[in-house]
Amino acid sequence: MPLLEITDMTVSYGRIEAIRDVSITVETGELVTLIGANGAGKTTTMRAVSGVRPLARGRIVFDGQDVTRMKPHLRVAAGIIQAPEGRGVFAGMTVMENLEMGCFARPFASKAEHDETVERVFTFFPRLLERRTQLGGTMSGGEQQMLAIGRALMARPRVLLLDEPSMGLAPMIIQQIFRIISEINAQGTTVLLVEQNAQQALSRSDRAYVLETGSVVRTGEGKALLADPAIKEAYLGVG
């Protein structure tokens with residue numbers, strides 16, 4: 001049984017269907033990527049999985065439980081954790097305060113478990129340890145992205161939803177972020193990734209789905225799609 005199974009999902013904004021009949025599966029331990037042009041429905045898909053957008057049709061099953069109508073905070077409690085597009089750090093809070101907000105809906109059983117999780121976050125992102133008393137709003141874009149992912153990790157995700165983690169970042173920082181994402185996945189965290197940087201995303205993905213105008217048009221292993229001439233032309237600028 002997949003950890004996350006989306007079946008025939010349709011999400012509408014008024015009369016407009018942003019995505020229609022989208023089906024996606026994510027197995028435990030996988031890194032699965034959604035790629036597509038702007039407006040293809042990638043972020044809408046993530047918002048629907050996290051419960052921010054209701055479904056017009058379809059079904060979402062997480063770890064064998066139908067969560068289609070489950071409220072967003074209950075999905076967080078179940079382990080569906082999203083680092084949103086645009087990072088969304090709390091500008092007036094310090095790095096540590098931002099991290100603590102990540103576990104608000106999933107409290108720790110003990111202080112030892114809390115401290116172990118904080119240490120893990122700082123191992124992935126040593127910069128956050130250096131800046132732990134700095135206000136989130138004064139950090140660079142790359143540092144804020146690290147903070148957004150770190151905050152999500154504080155909730156101990158069973159599936160981590162990452163929405164455009166490379167958006168607006170310099171190439172060197174993008175490579176660093178993707179190396180860390182691969183490491184997070186390699187240590188056992190299941191990841192569903194939305195990303196426009198197809199080269200970085202597909203090269204690191206177990207599987208991927210290609211969205212066009214709200215529908216899945218291709219699926220396959222990440223590296224196989226990366227080698228496909230049609231994908232190269234459409235998303236890598238290689239004709």
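A residue is called buried under 20% relative accessible area, exposed over 50%, and partly exposed in between. This tour of a predicted model uses those three words at several stops.

**Stop 1: the two domains**

Begin by colouring the chain by domain. The domain assignment gives domain 1, residues 2-79 + 157-236, and domain 2, residues 87-154. The C-alpha centres of domain 1 and domain 2 are 23 Å apart.

**Stop 2: where the domains meet**

Next, select the residues on both sides of the boundary. On the side of domain 1, 19 residues are in contact with 13 residues of domain 2. Together, domain 1 and domain 2 bury about 1300 Å² between them, and 70% of that area is on carbon and sulfur atoms. Now show P157, I180 and I184 as sticks: within domain 1, these residues lose the most area to domain 2, together 29% of what that side buries.

What links of a polar or charged kind are counted here? Between domain 1 and domain 2 there are 0 salt bridges, while 2 residue pairs are in polar contact. On the side of domain 1 that touches domain 2, the elements α2 (72-78), β7 and α7 each supply at least two residues. Of the elements on that side, α7 gives the most, with 6 residues.

**Stop 3: the largest nonpolar core**

In soluble globular proteins, nonpolar side chains tend to be buried together. The largest nonpolar core of this model has 34 residues, and F125, L128, L153 and L162 touch the most other members. To see where the core comes from, select β6 (80-83), α3 (95-102), α4 (111-124), α6 (141-153), β7 (159-163), α7 (171-186) and β8 (190-194), each of which supplies at least two of its residues. Helix α7 provides the largest share of this core, 6 residues. With the domain colours still on, note that the core draws at least three residues from each of domain 1 and domain 2.

Apart from this core lies another, of 27 residues, which includes I6, V11, A40 and L211.

Return to L153 and display its surroundings. Which residues does L153 contact once its neighbours within four places in sequence are left aside? They are T117, R120, V121, F124, F125, L160 and I184. The last of these, I184, was also seen at the domain boundary, among the residues of domain 1 that lose the most area to domain 2.

**Stop 4: L31**

Move to strand β3, residues 31-35, in which L31 lies. Is L31 buried or exposed? L31 has a relative accessible area of 2%, and is therefore buried. Select S205 as well: L31 and S205 are 174 residues apart in sequence, yet their C-alpha atoms are 5.2 Å apart in space. Leaving aside its neighbours within four places in sequence, L31 is in contact with I181, N185, V191, L193, R204, S205, D206 and R207.

**Stop 5: the R158 and D63 pair**

Side chains of opposite charge can pair when their charged atoms come close. In the whole structure, 12 salt bridges are found. One of them joins R158 and D63, with the closest N and O atoms 2.9 Å apart. This pair links distant parts of the chain, 95 residues apart: R158 is in the loop between α6 and β7, and D63 is in the loop between β4 (57-62) and β5 (65-66). Both ends are partly exposed, R158 at 37% relative accessibility and D63 at 42%.

**Stop 6: a network around E143**

Finally, select R127, R131 and E143. The side chains of R127 and E143 meet in a salt bridge of 2.9 Å, N to O. R127 belongs to helix α5 (residues 126-130) and E143 to helix α6, so this pair ties together parts that are 16 residues apart in sequence. R127 has 35% relative accessibility and therefore counts as partly exposed, whereas E143 is buried, with a relative accessible area of 5%.

The side chains of R131 and E143 also meet in a salt bridge, at 2.9 Å, N to O. R131 lies in the loop between α5 and α6, so its pairing with E143 in helix α6 ties together parts that are 12 residues apart in sequence. At 27% relative accessibility, R131 is partly exposed. Add E130 to the selection to complete the picture: salt bridges that share partners join R127, E130, R131 and E143 into one network.

Key. Residues are numbered from 1 along each chain as its sequence is written. This is a predicted model: local features need pLDDT of at least 70, side-chain atom pairs count only at pLDDT 80 or more; totals for chains, interfaces and linings use all residues. Side-chain values use heavy atoms; hydrogens and water are left out. A nonpolar core is a set of buried Ala, Val, Leu, Ile, Met, Phe, Trp, Tyr and Cys residues joined through side-chain atoms within 4.5 Å. Buried means under 20% relative accessible area, exposed over 50%, partly exposed in between (1.4 Å probe, protein chains only). Helices (H or I, at least four residues) and strands (E, at least two) are DSSP runs, numbered from the N terminus. Domain bounds come from an automatic or database domain assignment. Contact means heavy atoms within 4.5 Å. Buried area is the accessible area (1.4 Å probe) that two parts lose on being put together, summed over both. A salt bridge is a side-chain nitrogen of Lys or Arg within 4 Å of a carboxyl oxygen of Asp or Glu. A polar contact is a pair of N or O atoms within 3.5 Å; within protein, one must be able to donate a hydrogen and the other to accept it, and residues adjacent in sequence count only if both atoms are side-chain atoms.
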